[in-house]
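Me: I'm new to this one, so please walk me through a single part: the surroundings of the ligand. Take it slowly and keep it informal.

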Amino acid sequence: MKKIVVIGGGTMGNGIAHVCAMSGYSVKLVDANEQALDRAMILIEKNLDRMLAKEKITQAQKLETLERLHPALSISQSVLEADLIIEAVPEILSLKESVLREADSVAPENAILASNTSSISITKLASMTSRSDRFIGMHFFNPVPVMKLVEVVRGLDTSQRTVDAIMKTAEFLGKTPVEVQDSPGFVSNRVLMPMINEAIFCLQEGVGNAEQVDEVMKLGMAHPMGPLRLADFIGLDVCLNILNVLYEGFKDPKYRPSPLLVKMVDAGKLGDKTGQGFYLHGK
Ligand SMILES: NC(=O)c1ccc[n+]([C@@H]2O[C@H](COP(=O)([O-])OP(=O)(O)OC[C@H]3O[C@@H](n4cnc5c(N)ncnc54)[C@H](O)[C@@H]3O)[C@@H](O)[C@H]2O)c1
């Protein structure tokens, strides 16, 4: 692996591009939206400055990282020489399909295609390409430069060679990869989302208010952030979407989203990004 292309420069894509460039890869960061691309490059530089101020990197490392990063608007022109392509566009199946088909049609034969999806089946995404053996889930966590885990998701046809290459690459990025099988929510969201949902049921039923529910989980279970605060951070629409994936994927009522969560999303109270969720945020 030498050349990595990251498609989508939003929350996840700019973080993925940041860690890849910092680890020495030549990185093309592609976004269809020019303003989003500019914002991503500014944010990466800001995050590098923060690391510099904390003496986690040197000025030379900052400059070398920026030199290895190349913003681009076109997928097909960017992936021509790629070894690894990491897709991080929004969680909309039709959008991922068009992006993956375009990348697959022009990328070199041996290139590996990875998706950062948090809930869509890797096997389904792989089937939209001509390289299901060289297709894999590379599930990073937010904020990418800080979070150690990469959940490496093996689709039905993913080859051992692809898994080995991606495990090695994730380690090279300074991450700890954990290999899991393709299944709704993988491991991370299958365990996390029912916990968040149950916390919302507690709130809905008046078992405790938001602070009380979160304090119990922080102080009693050593969670750094309570589940309701975490739900606001992730986005309540994202939580609802993932719970629906679990509910539909397993056809098991234990995954049914709490009516309060549905109501909050209907009201546009999505958490940090809208200024209100289970808490009020500084907007
Ligand atoms: N945000 C999280 O905490 C988180 C965590 C893990 C995984 N994920 C997954 O990562 C993926 C991206 O999520 P995000 O939060 O970074 O989204 P985001 O909305 O912040 O960013 C998506 C970016 O993709 C760009 N884009 C849209 N269409 C495009 C196209 N056709 N070609 C190129 N770029 C295009 C947008 O302009 C935007 O900049 C999703 O699959 C999500 O489920 C998100």
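Reply: What follows is a stroll around the ligand, from its neighbours to the helices behind them. Bear in mind that this is a predicted model, where local features need pLDDT of at least 70 and side-chain atom pairs count only at pLDDT 80 or more, while totals for chains, interfaces and linings use all residues. Residues are numbered from 1 along each chain as its sequence is written, and side-chain values use heavy atoms, with hydrogens and water left out.

Let's start with the neighbours. The ligand has 23 residues around it, meaning residues with a heavy atom within 4 Å of it. M12, D31, E91, K96 and S118 are the closest. Sorted by class, this shell holds ten nonpolar residues, ten polar ones and three charged ones (Asp, Glu, Lys and Arg count as charged, and Gly as polar).

Now for the polar contacts (N or O atom pairs within 3.5 Å). K96 reaches in with its side chain, putting a polar atom 2.7 Å from an oxygen atom of the ligand. The backbone joins in too: a polar backbone atom of T11 sits 3.0 Å from a ligand oxygen, and one of A32 sits 3.3 Å from a ligand nitrogen. Taken alone, the ligand has 840 Å² of accessible area (Shrake-Rupley, 1.4 Å probe), and the protein covers 77% of that.

And the helices (DSSP runs of H or I, at least four residues)? Both α1 (11-22) and α5 (93-106) supply at least two shell residues each. The top contributor is α5, which gives three residues to the shell.

Conventions: A polar contact is a pair of N or O atoms within 3.5 Å; within protein, one must be able to donate a hydrogen and the other to accept it, and residues adjacent in sequence count only if both atoms are side-chain atoms.
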